[in-house]
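User: I would like to go through this model by way of its packing, its strand pairing and its charged pairs. Please reason from the coordinates in each reply and finish on the name or value I ask for.

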Amino acid sequence: MRLSVPGPRSLAGQLFAMQAVLIAVVVAGYALFSYVSDRSQAEEAARRQARAVARSVADSPSVLAATRTADPSAELQPYALKVMRDTEVDFITIMDPRGIRWTHPDPQQIGQTFQGHTEQALRGQTFTETYTGTLGPSVRAVTPIQDGPRVVGLVSAGIRVEEITQRVQDQLTALLGVAAGALALGAVGTYVINARLRRHTHGMNAAELSRMHDYHQAALHAVREGLLMLDGQYRVALINDGGRELLGVAGDVVGRSVAELGLPAPLTGALLASEPRVDEVHLTASRVLVINTSPVSGGERRGTVVTLRDVTELQSLMGELDSERGFTQALRSQAHEAANRLHTVVSLIELGRAEEAVEFATAELELAQALTDQVVAAVSEPVLAALLLGKTAQANERGVELMVSEESSLDDGLLPESLPARDLVTILGNLIDNAVDAAQGSVRARVTVAAYTRTSVDTPELVLRVSDTGPGVDPEHAEAVFQRGFSTKPAGPGGRGLGLALVRQTSQRHGGSLTVAEADGGGAEFEVRLPLRESGTAAEGVPSGVPAVRGAGGDA
């Protein structure tokens, strides 16, 4: 025969059993206390009743008169039986001072000696006692019958202990009925509460809940993505390690409002929004984040669940891909143009006009070499020089002339290691893309780039300036133009309003500044100033080694 060992009960079942046992113990204890208390109270009430009856009989004038007759029993026995019935006592015994009974419930006991103590009564005192007489154990009172100062008789009235016990048992039966009702009501209430608890705990026991909590905590801190949970008042209810890192918050932030975390205004607004957000891009001081928000509701708003993903590196790769696409298009265009020019040279040779063919080919080479020499002479830093040459070809393809100003002077090796070339590409590439977009279609479409170093307040700094011949920037939008999502152009497949926000982010990460003003010939002029720090002295509060961000097609 196999014995089945019951598995661990659910937490709700354990609580139900514990509460049922607790209620039973409380009710049983209360019943026992009530029984003892009621027994004591019943005995005390019996003593008071016996005392009162005995004193009433002893003080009766007819009783005193009967004690003076030759046969007191003849008058006192009927009287005593009548008083017994009226007062609900078990016996009334009237006797002479020697204890010889004149009355008794059992007529055969009349004339016999009273069983009990009478010494105090003979001294004129009334007292009570519990004594076992002819009727069994009883609570009795004994009092004197006095004729002036002389004791002429005694009266004893009593209630049997058995009768007292019966009274207590009747009370106890009623009490147990009430206790049983209370236990049943408590059990029903406990069952209802635990049924609701079972729904909330999904029927799991304490060990399973503890294990689930351990898994929850491990998973919460293991994932690299950020997780943020807000309550109904938009206070932080939970945040994992990834969320702290991505948002750049430290310390105990649980219980604090989102508005108190010091996040950028657009990001704070997204977290405080009541409607859900899906794959929305936001910038912090050093990262590009994609956030998703989902409200938690169950008839009323209970909070918000926020997930955060770091797409800084992804955004950088997307920007580099866009640049490569632009270079590819420029090379395709240049290859097409070169093929046309080569056909022209071949045709001139076939026509026997070799000198004109050489002159045509030489002029094209000199033009391309002059452009390269101009850029390299002004900016010999290889990464920026390559960027300018590539952007020049792209701009020419779109009908925009890109020029490097004469004041540009940036030698190779001048930039410190704390200012990565990728960040410079992010800044200058986005500014040139914006400028080309703005200048395209204008009269004498032109973009002018300046890159040089200078000393300002004993601190060397790098200045990058890009101006265009476009419509310019409305002074009312001078600040808004740097915010993520702001754009004066139609939305494209990759989104708009991110380029200048990335430029400002990168500039601020290196302790620099970004400003916009009206260019001399009309249009807009954007200027970035970056302090040239020694290697390893990044801007205060910004971690070194943060991945550079390249915009996916800079725009404003």
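The questions and answers below concern a predicted model.

User: Which residues of the largest nonpolar core touch the most other members, and which element supplies the largest share of this core?

Analyst: The largest nonpolar core holds 35 residues, and among these Leu428 and Leu462 touch the most other members. Several elements each supply at least two residues of this core, including helix 11 (382–397), helix 12 (421–439), strand 11 (446–456) and strand 12 (459–468). The largest share, nine residues, comes from helix 12.

User: What separates the C-alpha atoms of leucine 387 and leucine 428 in space?

Analyst: Leucine 387 is placed in helix 11, and its relative accessibility of 7% means that it counts as buried. Beyond four places in sequence, leucine 387 touches Val425, Leu428 and Gly429, while leucine 428, with the same kind of sequence neighbours left aside, is in contact with Leu384, Leu387, Leu388, Val449, Leu464 and Val466. Leucine 387 and leucine 428 are 41 residues apart along the chain, and their C-alpha atoms are separated by 8.5 Å.

User: Is valine 152 buried or exposed?

Analyst: Valine 152 has its place in strand 4 (residues 150–160). Leaving aside neighbours within four places in sequence, valine 152 is in contact with Leu64, Thr67, Pro97, Trp102, Ile145, Gln146 and Asp147. Its relative accessibility is 13%, which is under the 20% limit, and therefore valine 152 counts as buried.

User: From which residue does the backbone oxygen come that lies 2.5 Å from a polar side-chain atom of threonine 67?

Analyst: Threonine 67 is found in the loop between helix 2 (61–66) and helix 3 (72–87), and at 15% relative accessibility this threonine counts as buried. When neighbours within four places in sequence are left aside, the contacts of threonine 67 are Pro72, Trp102, Ile145 and Val152. The backbone oxygen lying 2.5 Å from a polar atom of the threonine 67 side chain is that of leucine 64.

User: How many bridges join strand 3 to strand 4?

Analyst: Strand 4 is largely enclosed by the rest of the structure, because nine of its eleven residues are buried. Strand 4 pairs in the antiparallel sense with strand 1 (residues 91–95) over five bridges, and within that pairing isoleucine 92 has alanine 157 as its bridge partner. Strand 3 (residues 136–147) and strand 4 also run antiparallel, and the number of bridges that join them is ten.

User: Which residue takes a positive phi in the hairpin of strand 3 and strand 4?

Analyst: Aspartate 147 stands opposite arginine 150 in strand 4. The hairpin of strand 3 and strand 4 has two residues between the strands. A positive phi near 75° is taken there by glycine 148.

User: Why does the salt bridge of aspartate 433 and lysine 391 tie together parts that are apart in sequence, and how many residues apart are they?

Analyst: In this salt bridge the closest N and O atoms of aspartate 433 and lysine 391 are 2.7 Å apart. Both partners count as buried, aspartate 433 at 15% relative accessibility and lysine 391 with a relative accessible area of 4%. Because aspartate 433 lies in helix 12 and lysine 391 in helix 11, the pair ties together parts whose separation in sequence is 42 residues.

User: What is the N to O distance in the salt bridge of glutamate 401 and arginine 446?

Analyst: Glutamate 401 in strand 10 and arginine 446 in strand 11 are 45 residues apart, so that the pair links distant parts of the chain. Glutamate 401 is partly exposed, with a relative accessible area of 37%, and arginine 446 is partly exposed at 24%. Their side chains meet with an N to O distance of 3.7 Å.

User: Which residues are joined into one network by salt bridges that share partners?

Analyst: The side chains of arginine 465 and glutamate 407 meet in a salt bridge at 2.9 Å, N to O. Arginine 465 counts as buried at 14% relative accessibility, whereas glutamate 407 is partly exposed, with a relative accessible area of 43%. Salt bridges with shared partners make one network of Glu407, Arg465, Glu525, Glu527 and Arg529.

Conventions. Residues numbered from 1 in each chain as written. Predicted model: local features only at pLDDT ≥ 70, side-chain atom pairs only at ≥ 80, totals over all residues. Heavy atoms only, no water. Core = buried A, V, L, I, M, F, W, Y, C linked by side-chain atoms within 4.5 Å. Buried < 20%, exposed > 50% of the residue type's maximum accessible area, 1.4 Å probe, protein only. Helix = DSSP H or I, 4+ residues; strand = E, 2+ residues; numbered from the N terminus. Contact = heavy atoms within 4.5 Å. Polar contact = N/O pair within 3.5 Å; in protein donor to acceptor, adjacent residues only side chain to side chain. Pairing = 2+ DSSP bridges. Salt bridge = Lys/Arg side-chain N within 4 Å of Asp/Glu carboxyl O.
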